[in-house]
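Biologist: Hi! Could you walk me through this structure in simple words?
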Amino acid sequence: MYAGRRILLAFLFFVAAASLLLGASAFAHAVLLESSPALKSSIPGPDVPLRLHVNVRIDAARTRLILVDPDGSLQTLEISGQDPPNTISAKARGLRPGVYRLRWQVLASDGHITRGEISFTVVKP
Ligand SMILES: [Cu+2]
């Protein structure tokens with residue numbers, strides 16, 4: 001009984017230590033802090049400025065932004081700016097009202113790729 005408890009405590013300690021270590025290494029990855037448009041927000045069209053803010057400096061040359069239209073078609077967006085180096089800016093033009101998804105993929109300075117998807121709604125201006 002007592003030995004079982006000690007094993008359980010050791011296990012819990014191990015889990016806590018492992019999650020601390022994982023948390024520390026995950027910090028070097030690019031984590032999305034903020035986006036414009038924000039997730040599930042509505043924004044007037046037809047021209048929509050896009051901006052992603054991550055926690056670390058990213059490599060623009062290895063960053064991809066793909067916009068999925070309401071009808072499911074894809075367009076690759078040109079990255080127009082990276083100032084400061086932990087942000088990416090682009091502009092989507094001529095968007096009709098509807099639900100869009102921005103698929104993003106960034107390469108952080110530690111060599112790890114992070115991806116995600118932000119859905120937002122374009123409304124009439
Ligand atoms: Cu990493």
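Modeller: Happy to; we can start with the metal site and then turn to the strands, the core and the charged pairs. This is a predicted model, in which local features need pLDDT of at least 70 and side-chain atom pairs count only at pLDDT 80 or more, while totals for chains, interfaces and linings use all residues. Residues are numbered from 1 along each chain as its sequence is written, and side-chain values use heavy atoms, with hydrogens and water left out.

Biologist: Great. Which residues coordinate the copper ion?
Modeller: His29 and His112 do so through ND1, and Asp110 through OD, at 1.7 to 2.2 Å. Donors here are N, O and S atoms within 2.8 Å of the metal (3.2 Å for Na, K and Ca); water is not among the atoms, so sites may look incomplete.

Biologist: How are those donor residues spaced in sequence?
Modeller: The pattern is H-x80-D-x1-H. Histidine 29 is in the loop between α1 (2-26) and β1 (32-36), and histidine 112 is in the loop between β8 (98-107) and β9 (113-123), 83 residues apart. The helices (H or I, at least four residues) and strands (E, at least two) are DSSP runs, numbered from the N terminus.

Biologist: And how accessible is histidine 29?
Modeller: Histidine 29 counts as partly exposed, at 25% relative accessibility. Histidine 112 is partly exposed too, at 38%. Buried means under 20% relative accessible area, exposed means over 50%, and partly exposed is in between (1.4 Å probe, protein chains only).

Biologist: New topic: sheets! What is the order of the open sheet of four strands?
Modeller: That order is β1-β3-β7-β6, with antiparallel pairing. The edge strands, β1 and β6 (79-81), each pair on one side only. Two strands pair if DSSP finds at least two bridges between them, and β6 and β7 have two bridges. Isoleucine 79 stands opposite alanine 90 in β7.

Biologist: What about the sheet of five strands?
Modeller: That open sheet has mixed pairing and runs β2-β9-β8-β4-β5. Its edge strands are β2 (42-44) and β5 (74-76). Inside it, five bridges join the antiparallel strands β4 and β8, and isoleucine 66 stands opposite arginine 103 in β8.

Biologist: Okay, the core next. Which residues touch the most other members of the largest nonpolar core?
Modeller: Leu65, Leu67, Leu77, Leu102 and Phe120 do, out of 23 residues. The elements giving two or more residues to this core are β3 (48-54), β4 (64-68), β7 (87-92), β8 and β9. A nonpolar core is a set of buried Ala, Val, Leu, Ile, Met, Phe, Trp, Tyr and Cys residues joined through side-chain atoms within 4.5 Å.

Biologist: What does leucine 77 touch?
Modeller: Not counting residues up to four places away in sequence, leucine 77 touches Leu50, Leu65, Leu67, Ala90, Lys91, Ala92 and Leu102. Contact means heavy atoms within 4.5 Å.

Biologist: Last one: how many salt bridges does the structure hold?
Modeller: Two. A salt bridge is a side-chain nitrogen of Lys or Arg within 4 Å of a carboxyl oxygen of Asp or Glu. Arginine 101 meets glutamate 117 at 3.6 Å, N to O, and glutamate 117 also bridges to arginine 103, with the closest N and O atoms 2.8 Å apart. Glutamate 117 lies in strand β9 and arginine 103 in strand β8, so this pair ties together parts 14 residues apart in sequence. Through shared partners, Arg101, Arg103 and Glu117 join into one network.
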